[in-house]
Amino acid sequence: MTTEASKCAVYEPLISGALDGELTQQEQQHLQLHIAECAKCQRLYTELEGMQQQLRAGIAPTHPLHQPPVNRAVRFWPLLGWLLLLLGVLPLLGYAGYQLLTDPQLPVWVRLAMGSMILGAVVLFIYVARQRVMAARTDNYKKVKL
Ligand SMILES: [Zn+2]
């Protein structure tokens with residue numbers, strides 16, 4: 001003679017198997033019959049089903065292969081900002097570099113500050129150029145895959 005509790009102990013492991021689609025048709029039928037008459041297992045089934053759906057919904061968008069395409073319009077404003085900044089900074093840097101080479105009266109701290117700015121600009125330029133090249137490669141790769 002089996003009690004309700006021991007029946008549940010048999011069916012509980014089948015519930016997650018059913019949600020993963022791992023049960024045989026017979027096991028599935030037995031489980032459905034038990035769930036139909038057992039509120040406890042029915043609740044467990046619904047809970048697990050909900051959790052599984054949440055898990056899928058949560059994982060799918062962050063999966064690397066399922067990332068939404070980058071919105072190109074979003075890139076416009078930072079690009080404009082960088083462009084304006086460069087338009088202002090580059091002539092200043094050029095002027096500063098010229099002064100650095102031709103004006104021996106320039107205080108040491110101004111020389112150091114200007115040298116640091118010019119060096120920083122060069123480093124940033126190389127870094128950004130490198131990223132552009134790598135991004136272009138990735139784009140080409142994506143096009144090939146599609
Ligand atoms: Zn049960």
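**Exercises: two helical segments and a zinc site**

From residue 76 to residue 96 the chain is 100% helix and 0% strand, with its end C-alpha atoms 30 Å apart; helices (H or I, at least four residues) and strands (E, at least two) are DSSP runs, numbered from the N terminus. This is a predicted model, where local features need pLDDT of at least 70, side-chain atom pairs count only at pLDDT 80 or more, and totals for chains, interfaces and linings use all residues. Residues are numbered from 1 along each chain as its sequence is written, and side-chain values use heavy atoms, leaving out hydrogens and water.

**Exercise 1.** Find which residues UniProt lists as "transmembrane region", then describe the chain over residues 108–129.

*Solution.* Start with the record: the unreviewed UniProt entry lists residues 76–96 and 108–129. Such annotations may be inferred rather than shown by experiment. Next, look at residues 108–129: this stretch is 100% helix and 0% strand, and its end C-alpha atoms lie 31 Å apart.

**Exercise 2.** Work out which residues coordinate the zinc ion and what geometry its site has.

*Solution.* First, list the donors (N, O and S atoms within 2.8 Å of the metal): Cys8 (SG), His34 (NE2), Cys38 (SG) and Cys41 (SG), at 2.1 to 2.3 Å. Second, read their spacing in sequence, C-x25-H-x3-C-x2-C. Third, check the angles: the 4 donor atoms give 98 to 117°. Four donors count as tetrahedral if all angles lie between 85 and 135 degrees, and the zinc site is tetrahedral. Finally, His34 and Cys41 are both buried (under 20% relative accessible area, 1.4 Å probe, protein chains only).

Conventions:
Donors are N, O and S atoms within 2.8 Å of the metal (3.2 Å for Na, K and Ca); water is not among the atoms, so sites may look incomplete. Four donors count as tetrahedral if all angles lie between 85 and 135 degrees; four count as square planar and six as octahedral if opposite donors are over 155 degrees apart and all others between 65 and 115; anything else is irregular. Buried means under 20% relative accessible area, exposed over 50%, partly exposed in between (1.4 Å probe, protein chains only).
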